[in-house]
Structures are given as structure tokens and as C-alpha cells.
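Colleague: I would like to go through this model with you. Please tell me what stands behind each term.

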Amino acid sequence: MKFRIARHTRDLNRMIDFYGRILGLKVLGQFKNHESYDGVFLGVPGADWHLEFTVSDYPPLHQADDDDLLVFYAASVDEFTALKNKFIANRIKNVAPKNPYWAKNGITFEDPDGFRIVISLTIS
């Protein structure tokens, strides 16, 4: 199975910067003016998943909930520490997760739209 998470955003460039420069995902593809939508696909080359972010003349009507999470699993303690330090260096403060499991098993940040991501070492 292949997997895509698609979300409409207000600022495509901020999402590319956040998920690309800070989290390390690569731009896998982009499109412009596809029936009034621009978008980008971000992920890991060769993986069976990616994130899609779109913008259009219609603003997003959704809002983040503290339990809406994208969870990324670091492959090692070194990778976890490097990611954590990259967030801190970019002045992205971690936030307390609503679910106490994530306080014990990861670190939580908010993306530019206010949706939460978790960096974890534990796959459960």
C-alpha cells in the first residue's frame, strides 16, 4: 500500500521550509495552477509514503487539534538528537503533548499551521 497525507495550507513556502529544511524531507514533486491549486509532495525518496501540501484561493477551514499528530520515528538516538537540536536551533519550541504516551516516548513540535508532529525513537 502506498500512502499520502494531503492537507491544504495558507503558506506553501513555510511548509516546504519546515518539512524540508528542518525535518529533512525532500521535494518529490510540485505542481502549479492545477485547477487553481499549487502543491508540493514531500517525503523520503523511495519510500511508499509522502506528504502533500496545497494552496489555492480558498483558505483552509480546518484547525489543528492537540491529538492530530504526524509521528516520525528516528532511526537512532543520534538522529533523534540531531532532529531535536535542529528544531531548537530554529527556535521551534517543543510543546507538551496531550497524550502522555508521547511525553515519555518522543518530543512534540508544531508545524507552521499549528498541527503537531512527534519525533520518537519507539515504534509502537
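Colleague: What volume does the largest pocket have?

Modeller: About 380 Å³. That volume is the space filled by probe spheres set on grid points, joined across faces, edges and corners. This is a predicted model: local features need pLDDT of at least 70, side-chain atom pairs count only at pLDDT 80 or more, and totals for chains, interfaces and linings use all residues. Residues are numbered from 1 along each chain as its sequence is written, and side-chain values use heavy atoms, with hydrogens and water left out.

Colleague: What makes a residue part of the lining of the largest pocket?

Modeller: It needs an atom within 4 Å of a pocket point. The pocket is an open set of points on a 1 Å grid over the protein atoms alone, where a 1.4 Å probe fits, with protein on both sides within 12 Å along at least five of seven lines. Here 16 residues line the largest pocket, Trp 49 and Tyr 73 being among those nearest its centre. The largest share, 4 residues, comes from β5.

Colleague: Why are β1 and β2 said to stand at the edges?

Modeller: Each has a single partner strand, so one side of each is left without a neighbour in the sheet. The order is β1-β4-β3-β2. Strands are DSSP runs (E, at least two residues), and two of them pair if DSSP finds at least two bridges between them. β1 and β4 are joined by 6 bridges, so they pair.

Colleague: How do you know that Asp 11 caps α1?

Modeller: A side-chain oxygen of Asp 11 lies 3.2 Å from the backbone nitrogen of Asn 13. A polar contact is a donor and acceptor pair of N or O atoms within 3.5 Å, so this pair qualifies.
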